[in-house]
Amino acid sequence: MTQEEALPADRILDASERIVDHLLDVQRRVNAQMDAMRAELLPDVRRRLGYGAAEAVDVSGLVNMRIAGLSIVVTPEAVATVLPLSGASAATTRAGRRAMTAIINGTNGRLAVIAGPCSIHDPAGTLEYADFIRRMRDRHAADLEILMRTYTEKPRTEVDWKGFAYDPYLDGSNRISVGLVATRMLMCRITAMGVPVAAEPLNALTPQYVDGLVTYNGVGARNVTDQTARERVSGFSAVVGFKNSPEGSIEAAIQAVVAARAPHEFLGVDRHGMTAQLSTTGNETGHVILRGDKHGPNYSAAHITGTKDALVKRGLPAVVVVDASHGNSQKNHLRQLDVVHDLAGQIAAGEQAIRGVMLESNLVAGRQDLDQRHPGELEYGKSVTDACVDLDMTAAMLDDLAAAVRARRGTDGADEAEALRAG
């Protein structure tokens, strides 16, 4: 057991803050040396190129007019050096990606299930939930490949809490460096338990901080039309899926799949935080995630057939993952049970295109409002973003899906398939 794995869950933020203090001290010294070298070398470059001395220009009112502050952050390389991948974590991610890829391409007949909180906000609750997923993985290993949602970035239509990676103390202090370190620490702990993790990449930089730890990346509905997001995931090592847009456009997700499967050249950053030109090979695991929209669900057999037809017309594999929450549950977390039961019936009847299901689940059912003035008053184990189902309902849905997979394989015969269809 590593030092990080032995750390009590309620001390993870304290430990992250200590790590950040040391790393920022290093970064300040590195930055000072870089500034000194640039001040020495760049004027000589101008001279050698035949340029004269630069004119002194007043840029006040021209640059950084709306920047209220600028703080250095820890770099991905520094964080990974202090918190390296363990052998157990590396094995979990490698096996998880291999299994997910095989499920998506159809060489593994199991079903992928991405289950977990809408967003994680409490290290103790997160690790307790991870232990539940570990037990479920053991129970359903023959039928399901279960991943844990460890979403630490939250997309916002307007303004709200942006997630654990940005505001880990839940109080508006926005200690981003602490959040990034704590996120990596949690993912290291979870994967060391043998539980592969899923994430939603919102920022161009944050995936670098958990490099090697994420098995599955789901690009959300608000980002699916962003071409820069599509290009970024074309270089991801993880399996990637794209949700239909908030307005319900499946075509937007299909376009994203096409773009992500192609190679790209674009500006990014390296592990030291320096600007770099990135060249990608394309991500052949890209697929569509059906999540419904504000007008209604899109998980029915007719919707699945329509999506398959649209994919085939674009020369793409007829593969879908279905999000049982969001538009498909019409924002009623308890309706996830109905969605899963319908999907289980389709799977049991032989539908091969459904390769995965997403569930929003937590220790305690429902949701609660986050008061950033009093974050200590939150109920343990309950979501601060979208409402989730509890562990008992999650276990029941996993049982339903595992039985459907067995029926699809034919190992339990037609009786089980008929029972699932009949409810």
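A polar contact is a pair of N or O atoms within 3.5 Å, where, within protein, one atom must be able to donate a hydrogen and the other to accept it. I start there because the first detail I want to show depends on that cut-off. The model on the screen is predicted.

Look at S249. This residue caps the N-terminal end of helix α8, with a side-chain oxygen 3.0 Å from the backbone nitrogen of A252. Helix α8 itself covers residues 250-260, and eight of its eleven residues are buried. Those buried residues are I250, A252, A253, I254, A256, V257, A259 and A260. What lies over them? Among the elements that cover the buried residues of α8 are α7, β5, β8 and α9.

Two of those names, β5 and β8, bring us to the barrel. Eight strands close into the barrel, in the order β1-β2-β3-β4-β5-β8-β9-β10, and their pairing is parallel. From one strand to the next, the twist averages 30 degrees. As a general reminder, strands of a sheet pair through backbone hydrogen bonds, and they can be parallel or antiparallel. For one pair in detail, take β2 and β3, residues 197-199: they run parallel and are joined by two bridges. There, R149 stands opposite A198 in β3. On the outside of this pairing question, helix α5 lies across β1 and β2, and runs at about 175 degrees to β2.

Now the nonpolar parts. The largest nonpolar core has 93 residues, and the residues with the most contacts inside it are L111, V113, L144, F242, L359 and L401. Helix α11 gives the most to this core, namely ten residues. L111 touches, among others, I103, L144, I347, V357, L401 and V405. Its list of contacts also has charged residues, including D143, E145 and R355. There is a second, separate core of 14 residues, which includes I114, Y151, A198 and V319. A198 is the residue we just saw opposite R149.

Next, salt bridges. How many does the structure hold? The total is 24. I will go through three.

The first joins R271 and E77, at 3.0 Å from N to O. R271 lies in the loop between β6 and β7, while E77 is in helix α3, so this pair ties together parts that are 194 residues apart in sequence. Are these two buried or exposed? Neither: R271 is partly exposed, at 26% relative accessibility, and E77 is partly exposed too, at 27%.

The second joins R406 and D143, with the closest N and O atoms 3.0 Å apart. Here R406 sits in helix α11 and D143 in the loop between α5 and β2, 263 residues apart. R406 is partly exposed, with a relative accessible area of 24%. D143 has 6%, and because buried means under 20%, it counts as buried.

The third stays inside one helix. R134 and D138 form a salt bridge with their closest N and O atoms 3.8 Å apart. Both lie in helix α5, four residues apart, about one turn of the helix. In general, an α-helix has 3.6 residues a turn, so residues three or four places apart point the same way. R134 is partly exposed at 28%, and D138 is exposed at 56%. This pair also belongs to a network, in which salt bridges that share partners join D131, R134, R135 and D138.

Terms used. Residues numbered from 1 in each chain as written. Predicted model: local features only at pLDDT ≥ 70, side-chain atom pairs only at ≥ 80, totals over all residues. Heavy atoms only, no water. Salt bridge = Lys/Arg side-chain N within 4 Å of Asp/Glu carboxyl O. Buried < 20%, exposed > 50% of the residue type's maximum accessible area, 1.4 Å probe, protein only. Contact = heavy atoms within 4.5 Å. Pairing = 2+ DSSP bridges. Axes fitted to C-alpha atoms, helices over the stretch in contact; angles between N-to-C directions. Core = buried A, V, L, I, M, F, W, Y, C linked by side-chain atoms within 4.5 Å.
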